[in-house]
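Colleague: I would like to know what stands behind the labels used for this structure. Please set each value against its definition.

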Protein chains: 2
Amino acid sequence: MDFELIAKRAKQASLEIADLTVDIKNVALLQIAKDLENNYKSIIDANRLDLESAKENLSDSVFNRLKLDENKMRDIIQGIKDVVKLENPVGKILLKRQLDDGLILYKESCPIGVLGIIFEARPDVIAQISSLAIKSSNAVILKGGKEAVNTNKEMLSVINSALLKVKDFPKNVISQVFSHEDVAKMLECDKYIDLIIPRGSNKLVKYIKENTKIPVLGHADGICHIFVDKSADFDMAKKIIIDSKTQYPSACNSVETLLIHKDFNKKEELLNELKNAGIELISTPDNWAFEYGCKMLAYKVTDTPEDAINHINTYGSGHTDCIITENDTNAKTFMQKVDSAGVYQNVSTRFADGFRYGFGAEVGISTNKTHARGPVGLNGLTIYKYKLIGNGQIVKDYVDGTKTFKHKDL
Amino acid sequence: MDFELIAKRAKQASLEIADLTVDIKNVALLQIAKDLENNYKSIIDANRLDLESAKENLSDSVFNRLKLDENKMRDIIQGIKDVVKLENPVGKILLKRQLDDGLILYKESCPIGVLGIIFEARPDVIAQISSLAIKSSNAVILKGGKEAVNTNKEMLSVINSALLKVKDFPKNVISQVFSHEDVAKMLECDKYIDLIIPRGSNKLVKYIKENTKIPVLGHADGICHIFVDKSADFDMAKKIIIDSKTQYPSACNSVETLLIHKDFNKKEELLNELKNAGIELISTPDNWAFEYGCKMLAYKVTDTPEDAINHINTYGSGHTDCIITENDTNAKTFMQKVDSAGVYQNVSTRFADGFRYGFGAEVGISTNKTHARGPVGLNGLTIYKYKLIGNGQIVKDYVDGTKTFKHKDL
């Protein structure tokens with residue numbers, strides 16, 4: 001089908017799902033969970049097809065992300081059930097203000113509209129994003145990687161046949177496209193698509209950011225820093241750095257650069273402990289703005305906390321940066337001045353995650369400076385509208401002084 | 001000076017102003033107000049130069065917007081004093097959550113960074129945007145129209161010499177560029193500029209939106225609708241439509257299209273009254289998505305309220321749309337289903353304005369679906385960061401089950 005038509009239908013669907021009750025949305029989510037359970041075998045079969053043709057071409061890590069098994073399917077289904085439990089993010093009154101007698105302004109959360117999701121390898125993204133989109137009353141157009149085409153088709157077929165069973169649930173809320181040309185068309189389609197969310201490699205995200213005028217929610221780089229201040233506790237520093245680097249080195253919230261205050265008196269001991277933990281230390285990298293994604297860690301000695309802050313604001317990606325210190329004044333300054341989505345004191349950078357923040361589920365992590373920043377949950381898929389209810393008020397009366405505004409929050 | 005250098009210095013200034021106390025910011029604003037008062041004459045002189053060279057080339061309305069007089073200067077200075085009274089939008093705790101014992105997450109409002117402002121004719125924009133930027137701790141690069149170059153230079157010179165007198169106020173918070181090439185460089189400068197705010201014609205805003213990857217806050221079109229439902233009160237409809245069209249026809253929140261339910265029984269009378277008020281009615285426009293900006297008004301009879309909603313969602317610009325009705329169910333449906341920044345019941349569309357909403361001052365009106373929508377006040381110039389404070393927590397403990405999250409809002 002023509003992309004423009006798919007997008008136009010998605011737009012129409014977004015208008016229809018916008019004011020669906022939370023009850024219908026939850027019924028739809030539970031139906032999807034149930035049908036994924038019941039069609040478990042057909043999805044695994046489709047996934048096997050993808051795995052067979054992928055075997056020779058994909059790296060181990062991509063292969064593992066592509067592969068669905070019983071555990072992953074259970075997590076997917078549980079994930080959808082968890083979204084049911086989350087509060088309805090739509091229809092929240094964010095402000096209620098009396099402008100004048102009988103003239104009431106409401107600021108109310110509402111869905112964004114149509115989301116374009118471009119993702120690689122992981123077929124679980126379909127279920128996760130679809131359920132978040134439904135709960136937040138957005139329509140979604142999914143474009144997965146070609147290596148997962150059979151799995152993705154089967155998964156969406158199960159989801160859409162589940163939605164067909166739900167009374168009053170609009171059509172075309174979740175649609176899918178497959179070709180490379182569709183990606184280009186999606187990125188151009190600012191007429192119908194309101195937000196693009198890329199899920200995949202830095203390269204994918206960068207390509208998307210450079211090729212669309214539609215707002216993009218996400219991050220390309222995750223260049224996180226830890227600064228060990230003069231007063232840092234040795235054991236705490238060691239524990240946090242090892243966790244931040246080795247617990248899952250390819251995650252975007254893993255640390256890439258270690259900054260150490262010149263007067264921290266156990267520097268050599270600390271570096272030795274890191275080496276013992278399997279971390280490869282790099283003292284003069286060509287590029288301080290580099291995401292290793294493995295157990296390599298750049299490090300540098302700084303003269304002052306300000307030098308560390310400047311280094312982070314210059315080379316960081318605005319993702320998550322941590323100070324290890326027993327000096328609360330230094331911590332406060334660091335957390336004020338470092339311009340990142342997450343600024344931490346005495347905590348592993350790996351905590352930067354929607355589940356760990358208690359958002360229930362996350363769309364991704366954003367390093368944007370507008371809309372949503374940091375781990376993005378359901379609220380990041382909403383915007384608001386102003387509703388103004390009166391009984392015939394006109395502006396002329398307030399301009400010529402016949403009436404004056406009261407502006408009283410209710 | 002090279003644009004890149006100006007932008008780099010603005011970025012540095014944005015980091016320095018980020019955690020300035022509200023007291024220093026207010027002192028700076030009052031100093032600006034005072035110095036503008038004291039240098040009133042030099043600004044008017046500079047404005048006279050601009051007016052003289054503009055005389056032959058500009059339309060009356062542009063000339064009037066360019067012209068500064070005593071009243072306008074008084075409004076400008078009062079506007080700055082009003083911003084002093086507004087609440088500090090930075091440092092607000094939006095969420096405080098205990099993730100676990102001794103592990104506290106804060107979501108705290110903070111400035112966006114560097115704003116690029118591109119505006120036409122009106123030199124009062126400099127004072128207005130500068131004061132909003134200072135109050136919200138953002139740096140700003142201003143690019144005004146060449147027709148106001150003398151006024152703009154003098155105004156900024158007064159502002160910056162005022163800021164120099166304020167102890168601890170960082171340098172380069174407000175800077176200005178002048179050439180057409182600087183506009184192109186500004187739109188490309190996503191390395192340092194976080195948000196572009198255009199203030200001017202539809203043509204200017206469209207050009208900017210099409211030529212930058214930096215988020216743009218604003219609206220190109222203001223195609224507002226009024227739907228007169230079957231049950232509408234005749235007098236109220238008449239009054240609201242006349243105000244919405246004639247009170248200030250070139251404003252973006254003026255109505256452009258009137259939709260009338262086929263069963264509204266005083267249609268002809270209503271149209272006659274509108275004609276008597278000087279409104280020129282257009283029954284078959286070539287283009288329903290057209291902003292007249294004068295006393296012309298397109299109109300159409302619709303079969304149902306749903307037809308009106310569909311018309312608005314198809315041809316509207318998502319700015320402000322109103323239903324006139326005595327039927328609250330129809331009003332509710334209309335306000336849910338119309339996908340616009342402002343949805344009104346029985347009120348003039350001209351109320352769509354930051355001052356009238358009680359935001360104190362506005363940056364502009366946004367039809368975006370992300371970040372800020374509708375009239376944008378100080379809060380639209382902020383984003384947030386997450387601060388996480390712990391005492392050595394690592395993720396490994398929560399992954400292997402040694403510890404579990406508490407996720408308790410405080």
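Modeller: Two strands count as paired if DSSP finds at least two bridges between them. Please keep in mind that this is a predicted model.

Colleague: What is the bridge partner of Ile389(A) in β12(B)?

Modeller: The partner of Ile389(A) is Gln345(B). Five bridges join β15(A) to β12(B), residues 342–347 of chain B, and the two strands run parallel. The cut-off is at least two bridges, so β15(A) and β12(B) count as paired.

Colleague: How do you know that β12(A) and β15(B) pair, and in which sense?

Modeller: Over five bridges, β12(A) and β15(B), residues 382–393, pair in the parallel sense. One of the matched positions sets Gly342(A) against its bridge partner Tyr386(B).

Colleague: Which strand of chain B pairs with β15(B) over eight bridges?

Modeller: That is β2(B), residues 103–111, and the sense is antiparallel. Ser109(B) stands opposite Tyr384(B) of β15(B).

Colleague: What makes β16(A) and β9(B) edge strands?

Modeller: Each of them pairs on one side only. The sheet they belong to is open, has 10 strands and mixed pairing, and follows the order β16(A)-β1(A)-β2(A)-β15(A)-β12(B)-β11(B)-β7(B)-β8(B)-β10(B)-β9(B). Within chain B, β7 (224–228) and β11 (320–324) run parallel and are joined by four bridges; His225(B) stands opposite Asp321(B) there.

Colleague: How many residues of each chain are in contact, and which element of chain A gives the largest share?

Modeller: The contact takes 59 residues of chain A and 59 residues of chain B. The largest share on the chain A side, 11 residues, comes from β15(A). Other elements giving two or more residues include β1(A), β2(A), α10(A) and α13(A). By class, the chain A side has 25 nonpolar, 18 polar and 16 charged residues.

Colleague: Why are α5(A) and α6(A) called roughly parallel?

Modeller: Their axes cross at roughly 5 degrees and come within 10 Å. Angles under 35 degrees count as roughly parallel, so α5(A) and α6(A) get that label. The contact is made by residues including Ile76(A), Ile80(A) and Val83(A) from α5(A), and Ala127(A) and Leu132(A) from α6(A). Its residues divide into five nonpolar, three polar and three charged.

Colleague: What does the domain assignment give for chain A?

Modeller: Domain 1 covers 3–217 + 363–385, and domain 2 covers 224–351. Their C-alpha centres lie 34 Å apart. Six residues from domain 1 and seven residues from domain 2 make the contact. On the domain 1 side, these are one nonpolar, four polar and one charged.

Colleague: Why does His407(A) count as partly exposed?

Modeller: A residue is buried with 20 or more C-beta neighbours within 10 Å and exposed with 12 or fewer. His407(A) has 16, so the label is partly exposed. His407(A) sits in the loop between α14(A) and β16(A), and has a positive phi of about 45 degrees although it is not a glycine.

Colleague: And what makes Asn172(B) partly exposed?

Modeller: Asn172(B) has 19 C-beta neighbours inside 10 Å. Burial needs 20 or more, so Asn172(B) counts as partly exposed. Asn172(B) is in the loop between α7(B) and β5(B). Its phi is also positive, about 65 degrees, although Asn172(B) is not a glycine.

How values were computed. Residues are numbered from 1 along each chain as its sequence is written. Chains are lettered from A and ligands numbered from 1 in the order in which they are written. This is a predicted model: local features need pLDDT of at least 70, side-chain atom pairs count only at pLDDT 80 or more; totals for chains, interfaces and linings use all residues. Domain bounds come from an automatic or database domain assignment. Two residues are in contact if their C-beta atoms, placed from the backbone, lie within 7 Å. Ala, Val, Leu, Ile, Met, Phe, Trp, Tyr, Cys and Pro count as nonpolar, Asp, Glu, Lys and Arg as charged, and the others, Gly among them, as polar. Axes are lines fitted to C-alpha atoms, for helices over the stretch in contact, and angles run from 0 to 180 degrees between N-to-C directions. Angles under 35 degrees count as roughly parallel, over 145 as roughly antiparallel, 65 to 115 as roughly perpendicular and the rest as oblique.
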